[in-house]
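Visitor: Please show me the structure. I would like to ask how some of its labels are justified.

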Amino acid sequence: MEATQEKQKIMIVDDLKFITSSMTLFLKDYFNVVSFNESQKALEFYKENQPFHVLLIDMQMPHLSGAELIKQIKLINPHQACIIMTGYTQKENIQQALKAGSLIRIIKKPFDLNDVLKTIQLLPGVQKGTEG
């Protein structure tokens, strides 16, 4: 008999609603997903609801960039796993995020949702399918 386990929590932060909507729709079968289109609101929610198994964060966002969001999250939880989603190859922005020390992977936009799922599942401690 298999024990039922609660889905792991992930957060998606991207200012483009079609990205957060499509990712949430696809990943909700595997994870407990919350998504935000405003990085500041995501940070406030994170403060009250952390930790998450992984955060998927867009680099280019208004007001609070992905690199800055990761820096703020690292102050709250230095061990938080993050995946950056970017359509840009601006090395200085990626370097900033790398300096924060919590970056696990970079996903280039446009991406295939199956590849995103595989990337998440390769992270340490992430449940794969029905495994525990």
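Guide: The side chains of Lys47 and Glu44 form a salt bridge, with N and O 3.4 Å apart. This is a predicted model, in which local features need pLDDT of at least 70 and side-chain atom pairs count only at pLDDT 80 or more, while totals for chains, interfaces and linings use all residues. Residues are numbered from 1 along each chain as its sequence is written, and side-chain values use heavy atoms, with hydrogens and water left out.

Visitor: Why is the contact of Lys47 and Glu44 called a salt bridge?

Guide: The term requires a side-chain nitrogen of Lys or Arg within 4 Å of a carboxyl oxygen of Asp or Glu. The N to O value for Lys47 and Glu44 is 3.4 Å, so the label applies.

Visitor: What makes Lys47 and Glu44 about one helical turn apart?

Guide: They are three residues apart in helix α2 (residues 39–49); helices are DSSP runs of H or I, at least four residues, and strands are runs of E, at least two, numbered from the N terminus.

Visitor: Is Glu44 buried or exposed?

Guide: Neither: its relative accessibility is 39%, so Glu44 counts as partly exposed, the class between buried (under 20%) and exposed (over 50%), with a 1.4 Å probe and protein chains only. Lys47, at 41%, is also partly exposed.

Visitor: Why is the pair of Phe36 and Phe45 called tilted?

Guide: Rings of Phe, Tyr and Trp (its six-membered ring) pair if their centres lie within 6.5 Å; planes under 30 degrees apart are stacked, over 60 edge-to-face, and the rest tilted. Here the centres are 5.2 Å apart and the planes at 50°, so the pair is tilted.
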